[in-house]
Amino acid sequence: MRRLLINLVVLGFSLAVCLPLGQLAARTFYGDVSTTGHHGDFFSRRWYAENPAQVNSLGFREREFINPPPDDLFRIAVVGDSITYGQGLLADARMTNLLQERLDPTATEIEVLNFGRPGAETIDQLEFLHSAVLPGQPDFVLLQWFVNDLEGHNKSGRPRRHRLMPNDTLHELFWRRSALYVVTQIAFDQAIRSLSDSPSYAEYMAARFADPASKDLTDYVETLSEFIGTARSAGAELGMLLYPRVPDYRDGHYPHGYLHDHILRTCATHEITCVDLRDALFAVGDNAALAVNRLDAHPSALANRIMADAVLNAFEAQWIAQKDARATP
């Protein structure tokens with residue numbers, strides 16, 4: 001009994017010393033990390049506290065805007081998820097802000113509005129197309145797409161994350177408050193996945209969507225087609241921007257290319273311009289340079305500049321022509 005008590009005291013003392021030191025080391029070593037791409041963790045909470053986002057009355061990270069717009073204003077609405085939202089970036093570094101600055105810094109003739117919402121899939125974007133975007137009478141709607149948009153709300157078969165701490169309450173407590181726990185949890189999950197024989201995310205997506213005749217793909221194409229038809233019925237022109245799952249690109253191989261091809265065929269069917277960013281982003285040759293930081297694969301400032309360049313190359317002439325045509329009596 002005496003030896004057990006001594007061991008418990010030594011263990012308690014070791015934890016009391018090592019855990020604070022580990023926490024300090026994690027906060028120092030990852031001092032440049034602002035977010036991790038995971039919801040509600042220590043780093044993300046710190047970033048939101050230090051960089052409070054300007055949110056308008058509609059709940060988007062955007063300035064307030066006038067409805068209906070002035071007759072001489074050409075309005076572009078960019079609809080998307082956390083990529084459009086600009087997770088981990090200051091607003092000025094986002095694609096939409098870059099487009100606004102390069103098209104019309106004063107926003108008196110051309111206005112670019114950001115309707116990005118973290119976690120939103122195409123089915124969610126269809127909902128706020130109705131509720132928030134179209135009431136603003138946009139002349140053009142640019143839909144930003146990402147690989148996981150096809151999943152919709154059915155993620156039951158997605159490979160699960162492996163918890164370091166199985167208790168929900170304790171996991172959430174440490175996830176929100178401990179930098180050491182967050183980085184350990186991420187490393188633990190990656191290690192278990194690498195040792196597991198369970199399907200990878202790429203294999204899971206292929207099982208659901210590789211077959212062009214699969215029900216899951218057919219259902220998604222119907223949702224996307226409804227988005228396109230809804231915007232057109234309201235008088236808006238459309239385009240799409242396809243953002244690849246960059247971390248999965250390795251050694252010249254990208255496992256989700258067929259998903260992009262599915263969407264490109266849908267764009268062709270509806271006769272809309274669809275900008276696929278695979279070539280432009282993979283040409284950088286450094287996935288890390290395209291990520292916000294070491295723990296967050298969301299687009300970096302560099303990636304947003306590439307996005308803005310690609311969008312302008314594809315649509316600027318069209319936008320100017322639309323604006324000028326409308327202004328002609």
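**Strand 3 and its surroundings in the predicted model**

Strand 3 (residues 140-146) is largely enclosed by the rest of the structure, because seven of its seven residues are buried. This description, like those that follow, refers to a predicted model. In a regular strand, side chains alternate between the two faces of the sheet. In strand 3, Phe140, Leu142, Gln144 and Phe146 point one way, while Val141, Leu143 and Trp145 point the other way. The residues of both sets are buried.

The protein as a whole contains 12 helices and seven strands. Its C-alpha trace spans about 95 × 45 × 35 Å along the principal axes. Of the 329 residues, 47% count as buried. Among contacts between residues at least 6 apart in sequence, 74% join residues at least 24 apart.

Strand 3 belongs to an open sheet formed by five strands in the order 2-1-3-4-5, with parallel pairing. Strand 2 (110-116) and strand 5 (273-276) are the edge strands, each pairing on one side only. From one strand to the next, the twist averages 20°. Helix 4 (residues 95-103) packs on this sheet and touches strand 1 (74-80), strand 2 and strand 4. The direction of helix 4 makes about 180° with that of strand 2.

The pairings within the sheet can be described one by one. Strand 1 and strand 3 are paired in the parallel sense over four bridges, and Val78 stands opposite Leu142 in strand 3. On strand 3, Leu142 is among the residues that point the same way as Phe140. Strand 3 is joined to strand 4 by seven bridges, and these two strands run parallel. Here the bridge partner of Gln144 is Leu241 in strand 4. Strand 4 and strand 5 also pair in the parallel sense, over four bridges. Gly239 is the residue opposite Thr273 in strand 5.

Strand 4 (237-243) is followed by a loop that leads to helix 10 (257-270), and His256 lies in this loop. With a relative accessible area of 0%, His256 falls under the 20% limit and is therefore buried. The side chain of His256 makes a polar contact with the side chain of Asp248, at 2.7 Å. Leaving aside neighbours within four places in sequence, His256 is in contact with Val147, Tyr201, Ala202, Arg245 and Asp248.

Tyr249 is in the loop between strand 4 and helix 10 as well. In contrast to the buried His256, Tyr249 counts as partly exposed because its relative accessibility is 22%, a value between the limits of 20% and 50%. Not counting residues up to four places away in sequence, Tyr249 touches Tyr254, Phe282 and Asn287. Tyr249 and Thr106 are 143 residues apart along the chain, and their C-alpha atoms are separated by 38 Å.

Helix 10 packs with helix 8 (residues 201-209) at an angle of about 35°, and the axes of the two helices are 10 Å apart. From helix 8, the contact involves Ala202, Met205, Ala206 and Phe209; from helix 10, it involves Tyr258, Leu259 and His262. These residues divide into six nonpolar, one polar and no charged. Ala202 of helix 8 is also one of the residues in contact with His256.

Helix 12 (residues 301-327) bends by about 50° at Phe315. Phe315 is one of the buried residues of helix 12. The others are Ala303, Asn304, Ile306, Met307, Ala308, Ala310, Val311, Leu312, Trp319 and Lys323.

Gln318 is also found in helix 12. Gln318 counts as partly exposed because its relative accessibility of 26% lies between the limits of 20% and 50%. Not counting residues up to four places away in sequence, Gln318 touches Phe140 and Glu237. The C-alpha atoms of Gln318 and Phe140 are separated by 10.0 Å, although the two residues are 178 apart along the chain. Phe140 is one of the buried residues of strand 3, and its contact with Gln318 links the description of helix 12 to that of the sheet.

Note on methods. Residues are numbered from 1 along each chain as its sequence is written. This is a predicted model: local features need pLDDT of at least 70, side-chain atom pairs count only at pLDDT 80 or more; totals for chains, interfaces and linings use all residues. Side-chain values use heavy atoms; hydrogens and water are left out. Buried means under 20% relative accessible area, exposed over 50%, partly exposed in between (1.4 Å probe, protein chains only). A polar contact is a pair of N or O atoms within 3.5 Å; within protein, one must be able to donate a hydrogen and the other to accept it, and residues adjacent in sequence count only if both atoms are side-chain atoms. Contact means heavy atoms within 4.5 Å. The bend at a residue is the angle between axes fitted to the seven residues ending there and the seven starting there. Axes are lines fitted to C-alpha atoms, for helices over the stretch in contact, and angles run from 0 to 180 degrees between N-to-C directions. Ala, Val, Leu, Ile, Met, Phe, Trp, Tyr, Cys and Pro count as nonpolar, Asp, Glu, Lys and Arg as charged, and the others, Gly among them, as polar. Two strands pair if DSSP finds at least two bridges between them.
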